[in-house]
Amino acid sequence: MLTDATRAFLNDLIDRPLGDESLWLAALTHGSTGEKRNYERLEFLGDRVLGLSVAEWLFEHSSEAEGRLSQRLNALVSRATCAAIARSLGLGPHILLGKQARDDGGEDSENILGDVMEALIGACFMLHGFEAARAMVRRLWAKTLEGKTGKRKHPKSALQEWAAGNRRRMPEYKLVERTGPDHASQFTVEVAIHNVGRAQATANSKQDAETLAAEEFMRKYA
């Protein structure tokens, strides 16, 4: 059963009557509690609703090319962004955790906060439909959508956000070859993401080669 404080928090969050409180309770419940009905399925649904809501907003408000839109979308719906918004709302204390998970800092865990934020979007969609869920996303994400998240990121940062947003492993950089004399060396670097692909680039420094390799990876796969 929802506490009065959590009920008030959710009412402010969705800006409408809650409806079936058991669904909201599930959205706030972590598996460590031992409850069979927890946020996992709602998080799966909310992730898709969030993606569509943000993609629609970007399509309406930006004239950028598809590749740039994808980069912004991946940053805006990433777990890190979801967690940051959850923290700004004070979501953590309302999450139901098992004792060990709470003792381990689960209330401020980026993974848990991000997942529960998406689960709440999923619950709103189930109870009130897409328009209500989209309105919730646009209201909660307003500053982030209007801000610089995902805009002109450094290629390595953009690639890392893309990987996180698509639930892939983090990029791995490897020096493939170094040629030439010390004063005019050429570095060839390869970046790879497991089960996605790899890309190479060559430059006068290892750092520049990594940057170019990240750009090439984004061009090929993002």
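This passage describes the fold, helix packing and selected residues of a predicted model.

The protein chain holds 11 helices and 3 strands. In sequence order the elements follow the pattern α-α-α-α-α-α-α-α-α-α-β-β-β-α. The C-alpha trace spans about 70 × 45 × 25 Å along its principal axes. Of the 222 residues in the protein chain, 44% are buried. Among contacts with a separation of 6 or more, 54% are accounted for by residues 24 or more positions apart. One separation along the chain may be given as an example: Ser-22 and Ala-164 lie 142 residues apart in sequence, and their C-alpha atoms are separated by 31 Å. Ser-22 belongs to helix H2, residues 21–27. The relative accessible area of Ser-22 is 32%, a value between the 20% and 50% cut-offs, and Ser-22 is therefore partly exposed.

Helix H3 (residues 40–61) packs with helix H4 (residues 66–76) at an angle of about 140°, and the two axes are 10 Å apart. An angle over 145° would count as roughly antiparallel; H3 and H4 are therefore oblique to each other. The crossing in which H3 passes H4 is right-handed. On the H3 side the contact involves Gly-51, Val-54, Ala-55, Trp-57 and Leu-58, and these meet Leu-69, Arg-72, Leu-73 and Leu-76 of H4. Divided by class, the residues in the contact of H3 with H4 are 7 nonpolar, 1 polar and 1 charged.

The buried residues of H4 are Leu-69, Ser-70, Gln-71, Arg-72, Asn-74, Ala-75 and Leu-76. Their packing partners are H3, helix H5 (79–89), helix H9 (142–146), helix H10 (155–165) and helix H11 (206–221). Leu-69, Arg-72 and Leu-76 are thus among the buried residues of H4 and also take part in the contact with H3.

Helix H7 covers residues 110–128, and its 19 residues should span 27 Å at 1.5 Å a residue; the end C-alpha atoms are 27 Å apart, so the expected and modelled spans agree. Just after H7, Gly-129 adopts a positive phi of about 95°. The next helix, H8, comprises residues 130–140, and the axes of H7 and H8 come within 7 Å and cross at roughly 145°. From H7, the residues making this contact are Met-117, Leu-120, Ile-121, Cys-124, Phe-125 and His-128; from H8, they are Phe-130, Ala-132, Ala-133, Met-136, Val-137 and Leu-140. The contact of H7 with H8 contains 11 nonpolar residues, 1 polar residue and no charged residues.

H8 also packs with helix H1 (4–14). The axes of H1 and H8 come within 9 Å and cross at roughly 90°. This angle falls in the range of 65 to 115 degrees, which makes H1 roughly perpendicular to H8. Asp-12, Leu-13 and Ile-14 of H1 contact Met-136, Arg-139 and Leu-140 of H8. By class, the contact of H1 with H8 has 4 nonpolar and 2 charged residues, with no polar residues. Met-136 and Leu-140 of H8 appear in the contact with H1 and in the contact with H7.

Two residues other than glycine have positive phi values and are described here. Asp-15 has a phi near 60° and is placed in the loop between H1 and H2. The relative accessibility of Asp-15 is 58%, and because this is over the 50% cut-off, Asp-15 counts as exposed. Arg-167 has a positive phi of about 55° although it is not a glycine. The position of Arg-167 is in the loop between H10 and strand S1 (172–179). With a relative accessibility of 43%, Arg-167 counts as partly exposed.

Arg-167 is also a contact of Asp-115, a residue in helix H7. Asp-115 has a relative accessibility of 12%; buried means under 20%, so Asp-115 counts as buried. Leaving aside neighbours within four places in sequence, Asp-115 is in contact with Tyr-39, Glu-43, Arg-79 and Arg-167.

Technical notes: Residues numbered from 1 in each chain as written. Predicted model: local features only at pLDDT ≥ 70, side-chain atom pairs only at ≥ 80, totals over all residues. Heavy atoms only, no water. Axes fitted to C-alpha atoms, helices over the stretch in contact; angles between N-to-C directions. Helix = DSSP H or I, 4+ residues; strand = E, 2+ residues; numbered from the N terminus. Parallel < 35°, antiparallel > 145°, perpendicular 65-115°, else oblique. Left-handed = near helix turned anticlockwise from the far one by under 90°. Contact = heavy atoms within 4.5 Å. Nonpolar A, V, L, I, M, F, W, Y, C, P; charged D, E, K, R; others polar. Expected span 1.5 Å × (residues − 1). Buried < 20%, exposed > 50% of the residue type's maximum accessible area, 1.4 Å probe, protein only.
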